[in-house]
Amino acid sequence: MRYSGLKVLGEGLFGNKGWKPAWRDPAPKAEYDAIIIGGGGHGLSTAYYLAKNHGMTNIAVLEKGYLGSGNIGRNTTIVRANYFLPGNSEFYSHSLKLWEGLESELNYNVMHSQRGLINLFHSDGQRDAFARRGNAMINQGDDAILLDREGVREHLPYLDFEQTRFPIYGGLLHPRGGTARHDAVAWGYARGADRRGVDLIQNCEVTGIDVSNGRVTGVQTTRGAIRAKKVGIVVAGRSSQVAAMAGMRLPIESHILQAFVSEGLKPVIHHVISFGMGHFYISQSDKGGLVFGGDLDFYASYAARGNLPMVEHVMEAGMTLMPMIGRARVLRSWGGIMDMSPDGSPVIDRTHVDGLFLNCGWNYGGFKAVPASGWCMAHLMATGQPHDVARRFRLDRFATGHLIDEEGTGSQHNLH
Amino acid sequence: MRIEGKGLIDRDSRVGFRFDGRDYMGFKGDTLASALLANGVRLVGRSFKYHRPRGILTAGSEEPNALVEILEDGQQTPNTRATVQEIFDGLQAKSQNRWPSVRFDALAINDLAAPFLSAGFYYKTFMWPRAFWEKLYEPAIRRAAGLGSLSGRHDEAVYEKAFAFCDLLVIGSGPAGLMAALTAGRAGADVILADEDARMGGRLLAETGTVGGQHGPDWVEEVLGELRAMPNVRLMTRTTVTGVHDDGTYAALERVGLHVAPRPNLPRECFWRIVARQAVLASGALERPIAFPSNDRPGIMMAGAVRAYLNRWGVAPGKRVTLFANTDAARATARDLMAAGVKVAAIIDPRPDASTVEDCPVYAGAQVIDTAGRLGLSRITIAHRGSEFRIETDCLAMSGGWNPTVHLTCHKGGRPVWNEALAAFVPAPGAVAGLIPAGSANGAMSTAACLREGRDAALSALAALDRSAPDVPLPEAEDDTYGIAPLWHVPGKGGMWKRQWLDFANDVTVKDVKLAAQENYASVEHMKRYTTQGMAPDQGKNSNVAALAVLADATGRGIPETGTTTFRPPFAPVSVAAMGAGGRGKGFAPQRFLTSHEASLERGAPMIEAGMWYRPSYFPRPGEATWREACDREVAMVRHAVGICDVSTLGKIDIQGRDAARFLDFVYTNTFSTLPVGRVRYGLMLREDGHVMDDGTTARLGETHFLMTTTTAAAGQVMRHLDFVRQAYCAGWDVHCLSVTENWAQFAVAGPKARALLNSVLDAPVDPEAFPFMACGPVRVHGVDARLFRISFSGEEGYEIAVPARYGEALFRDLLARAETMGGGPYGMEALNVLRLEKGFITHAEIHGRVTAFDIGMERMISPKKDCIGKAAAQRPGLMGPEREQLVGLKPTLPDQMLTAGAHLFTPGEEVCRASDQGYVTSVGPSATLGHWIGLAFLKNGRARNGEMVRVVDHLRKIDILAEVCDPVFHDPEGRKLRA
Amino acid sequence: MPSLIAKTPLEGTWPVTHGGLTLAEVELTRVTSVSAPKVGRDLAAGLKALGVSFPKPNQFTGFDAVRMVWTSMDQAFMIGGDPSGLSGAVMTDQSDGWACLRLEGAGADQALMRLVPLDLRRDAFPPGAAARAPLNHMQMILMRLEPDCFELLVFRSMARTAWHEIEEAMKSLAARAGLV
Amino acid sequence: MRIPCPLCGTRDRREFYYYGSDDYLNRPAADAPAAAWDDMLHNRDNPAGVTRDLWYHETGCAQWLAVTRNTVTHEILGSELVADLKTGPKSARKGGEK
């Protein structure tokens, strides 16, 4: 079934009775050519591109809960390509290009909104660091504009330019940065994969990975054993547990990142704004809620909920930067479980087990990576070779020192 | 309509307020909702999606419809619940989400388009053409969505935050909460009793029953009187406990000043962090609507709310009221109304076997199947025994039963459990350690049961607190049956426009939930996210359970298997300003001031912020129009005369003990145990992962006494690191580390005349022979004990003199006055930066966390003779080798060309793109000494490329020039001047 | 010979009163960090001669002339008192690194609990108690001298921020008292 | 969240700086193979359950603590001063595992 405005009108006239399920609920088969563990954004997009780009359709996505139950539905929905280190630059650039065609690719409106992202800076030194970043973005073929204080004021007149604790020197504007509707990304990929024959199996938890003679042979699940020639682990938030089933100890520490949404408000913030000094970022959803967040809670956690010190820090940052949001009320807070890696960049790589592939370590930048992550993971699983834009995301780079450390904070997982 | 003789309002205190431009009168004790109802105002807002006319549904913070903007001078508070906002003289409110007015709202056209706006319709359209999304579709959606408006102006009102501690926190002051507080209070425990309402008593204020033989509110007053007299009990009204966090930490929002006109210094709200050893959750229950066709008109209200308006506020919300309810308990609404002389047109009870004995018509086994009235209810249609007929009514009180307010028991991940008898979720036992649910929050549905559970919960808490329990008798109260037979929705007949609302606030109807199931968004989370049910300001308090029941029905599952979505903090919305209290303006982080701050300001120095410090950027002189002129002069002043710079912000760590030298050998790459007393050495410190953490000088003040200097930015990090290394790896070593940054004011005195200037203030002059470059030692300045270090960050003969901070300002002024007589003066951060660049000295612009000793040409500083932090990891192959970017100097090929930091480097002739990127510029400055711009950069294999040309490209600043790669030390590479 | 004028961290501020609370700067003469893994006989005797003993965690000893406040493992600050006679400890001068503020009056604990995440109820933090704890976003050493009198030490450079924040808390408490 | 400091008593989480797993205590010998350093710096058990990690009482007594706690429930089971640890970090961690 193809979605369109005409279809919406037609269905509306006949009581919306004709809409078909967005995906099936198949029972697991005994064997697949490939299994993706994890029905989140990355797992679903991996399955989609395996089918679409590589013609693999005898594949299954195994999800222990419901589709999109992890971080794809618990983030602040920011989409950007503003990295500066080789490895990240080309990967996120590729991802943003995929985003820009995602609606027509998936025939699903993920509401990708390129409203512009502004990273504020507060000193000459920060300006120079952002200039380095902006130039790297342009060298990569993406866009960036350096704004001075007045330039920022033109875009964001409501900031507290006079009294804020860290004076606003300017900002780096990334016009193609923006937001998207997070759940819709999972649903769009799920629907697209399903239409290409991929079995999406919910409420099916993987409990073991079968390995024979150094080769993966399948998985054990709460719905029985399933054989597979290839298995991809795409379970950010639970990577350490699933990888341990294959005897791996990952360079990952799990941390909680909280985020917040306010009650619905008439349009008041028209960009994505990032305030580095305060570790605060904000945008306004199409429904009107202010969506914002800050830093990790900083302690290892799987609780998917946080504590007050970081909540208060985020609110204080909001108040020093843009006290006009003071009377917005926080409606809901939530916490995602982040795979924090020792350099802040992800892993898309083979493992020591033949046929077993690993996609993890998205820190807190995984949402925008979803299209390229699936694209590259599918390439790796189908061909056995890393995709060119993801070839630096190796698992052994911490041991060898080929790091991709954008923050420059070193091998402390929670500082990225 | 006000009913004489009813209610707990103060009829002697009349209060004038304004709503949507019209003036009204109410009484002290009124909420905006009760006062509007008393004035006959039913229409107060428009719904989120369809812009349907909406009135007041509830009498509490769960209100989904009656959200208004409260106006003040130049400021407004959107989405304020009229049911919570108390009126005061001069209060101004207005309806929201409507244009031009609440009676005539242009976007009500959405309601006509409703068949096309079903759940998730936007995922299926607005995709073509692509460019229209940001330009057309999205702006239109955004304008239509949202509820109230922010003013767009800074919220400069006062907010506060506070901490509190207690033995027992009682959440809610209804019968259960009062009994819990009374029991624990009498036992001597420290009790905090918090209630969201302005007045304590909970449902007892809204009912007519008796407690212990007294009228309910009188019993409440008696208990409160006793509690107020107890020094160990703190009563917090207008305080909503909003979140449960770890280890007994509860978040609460107190509405301190929202019930009065704004006053100076009076906080609007206070955000509390309450740490309680035990807590009793007596938060009551919330009544739930029934989803019948067109159940959203103004005038259709919750039955319990109708009772509350009648009994507490003396307001009849209608003249001909009907009741549609599926419990015995709801009948009280009809009885109370009739007793107050309000006409009850009918009771419609869906239970076929329901009692029909009331003083009004009762239709058992009947359902409301339609309603009418454009801006307010005028008529309902009911189906009864196979026939349909209409009843004229202006207020329909509905009740689908009650949901225990279990939210706080779920904040730590607990899931409530389904109770078939109550047809509701109740708290899972032990869901939050130390939080004991009691009363109707726990599923108790009579007053007597609530009183008993409240007392028993307190007794459990007292046992956990090891306190003996007093004997607290239970007062007598009603113990009636609840008698619910679940009814979630009433099927409607045909019509594309006929809808039964579940979620009033987000305009989610039964059709939407069914459509979600039809499209296989069948998980409860999928349904929620697809339809947006439960995501509105009430967070599904009114709609979750019914929506779940509809979904369960549509998917052929039971309610328990369908499960619930997750309740997360806050229980009720909390303003950003309250949780961020104190953060506005400069309050976000402490301001750190140098002792020289005033003196610098007097000289007109603009301040820049370095971390939390304020440091002078430059010291303008008359006639200087730009920073550059001042900077050039200050650089020349240091090179040719003498300059003074306050360097007190650098971290200073006092390190003492027999193992101090050994410790420094371990934390620095180079060796300090060989440093003689009275000498200073530059040290390089790595992180354990092999990258440079910081650099600085360390002085040996005595055999077992060192003074380490850190950069300003890394002072805290280094202190923490030293404590870690010492405590984790150096067990048994005699080393003591203590920050003395704050204790000393330290000034750089640099330039050819530095020694002459210093000798004019020192009690005994320094002798360059006895005090060579990198010497240190005690001196006296104007009779004050001080420390002198001969170090230089400028490349000139330089000293840093440190005095106890109390003398800092005086010494700074004295040095400046003397320097100015010698052609010198103060210099700021701009000149400091140029001076250090001319010498190729690095700062955190270069050691930015990705840089190794190898990269900056200091790999030989890693002593081969000893282990040190970071040494092993620095030897990883990826951290060495020619593909690494190495520190170099850069000078433009033409003297007037400017360099910019952040520019990237390319080999001339190669394409400018990521793949051919050769490096980047880290720092630049206009070298007054050399007469052209200079820069430091990291360049691939850079040290081997000395003399080569590189192309410097800064797209952002439109710079594209050629520059020559050179040694990073531009000025006096032999260091003759600083050793003078 | 010219002499250098000494200034206190809050030079130029005068005591302020809001409601029943008064905030004032206390001039510090001499503060010495005294650090010793264990308090030997020499150190104990030296301290005794000054009228104090090495404090237990979260306490201070002495009062007016010489006070000894626990600050960390094996470490205490001596406030007032000449440490030159002490031996058996590592000592570091801290006289100029800190500002001392005194908050007095009924409800002083309530004002501080706007900024300090500690249980300052009388029983939990009685006179004689001390703590190293944050004052909002800065470090602090807090002492309760009397039921309604606290003294607190903060870094010299941040003294003005501390003063401002405490005064804001005092003002809001006073305004609350004005609510009927 | 409230962390029990063995010296200062139980304090709000906001007083502490978090470093990471107690693997950091397991510093290899200078000549240890690269894998040992990789394990200390990067690789983690990262249990969903009981773990022991390192916290610095930054606005308190400046002591480093090894805190045993549950990463799923946030329950805190105990804390020790790093300076006082009698047992090696590895053995202690193994003992603390579920």
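What radius of gyration would a compact globule with 180 residues have, and what does chain C have? In this predicted model, chain C has a radius of gyration of 17 Å, which agrees with the value near 16 Å for a compact globule of 180 residues. The C-alpha trace of chain C spans about 60 × 50 × 25 Å along its principal axes.

The secondary structure of chain C comprises three helices and eleven strands. Reading from the N terminus, the order of these elements is β-β-β-α-β-β-β-β-β-α-β-β-β-α. Three strands thus open the chain before a helix appears, and a helix closes it. Of the 180 residues in chain C, 51% are buried. The contact pattern adds a view along the sequence: taking contacts between residues at least 6 apart, 59% of them join residues at least 24 apart.

Attention turns next to the contact between chain B and chain A. Here chain B contributes 97 residues and chain A contributes 94 residues. On the chain B side, several elements supply at least two residues each, among them strand 6 (75-81), strand 14 (249-255), helix 9 (510-518) and helix 10 (524-531). Helix 13 (576-579) and strand 32 (607-610) of chain B also belong to this group. The element of chain B that gives the most is helix 3, with six residues; helix 3 covers residues 132-144. Sorted by class, the side of chain B that touches chain A holds 38 nonpolar, 32 polar and 27 charged residues.

The two chains also share strand pairing. Strand 16 of chain A, residues 329-340, pairs with strand 31 of chain B in the antiparallel sense, over two bridges. Within this pairing, readers can look for A:Val330, which stands opposite B:Val574. Strand 31, made up of residues 574-575, is itself among the elements of chain B that supply at least two residues to the side touching chain A.

Chain B also meets chain D. This contact takes 17 residues from chain B and 16 residues from chain D. Two helices of chain B, helix 17 (715-729) and helix 21 (871-874), each supply at least two residues to the side that touches chain D. Helix 17 gives the most, with six residues. By class, the side of chain B that touches chain D has eight charged, six nonpolar and three polar residues.

Note on methods:
Residues numbered from 1 in each chain as written. Chains lettered and ligands numbered in written order. Predicted model: local features only at pLDDT ≥ 70, side-chain atom pairs only at ≥ 80, totals over all residues. Contact = placed C-beta atoms within 7 Å. Helix = DSSP H or I, 4+ residues; strand = E, 2+ residues; numbered from the N terminus. Nonpolar A, V, L, I, M, F, W, Y, C, P; charged D, E, K, R; others polar. Pairing = 2+ DSSP bridges. Rg over C-alpha atoms; globule rule 2.2 N^0.38 Å. Buried ≥ 20, exposed ≤ 12 C-beta atoms within 10 Å, placed from the backbone.
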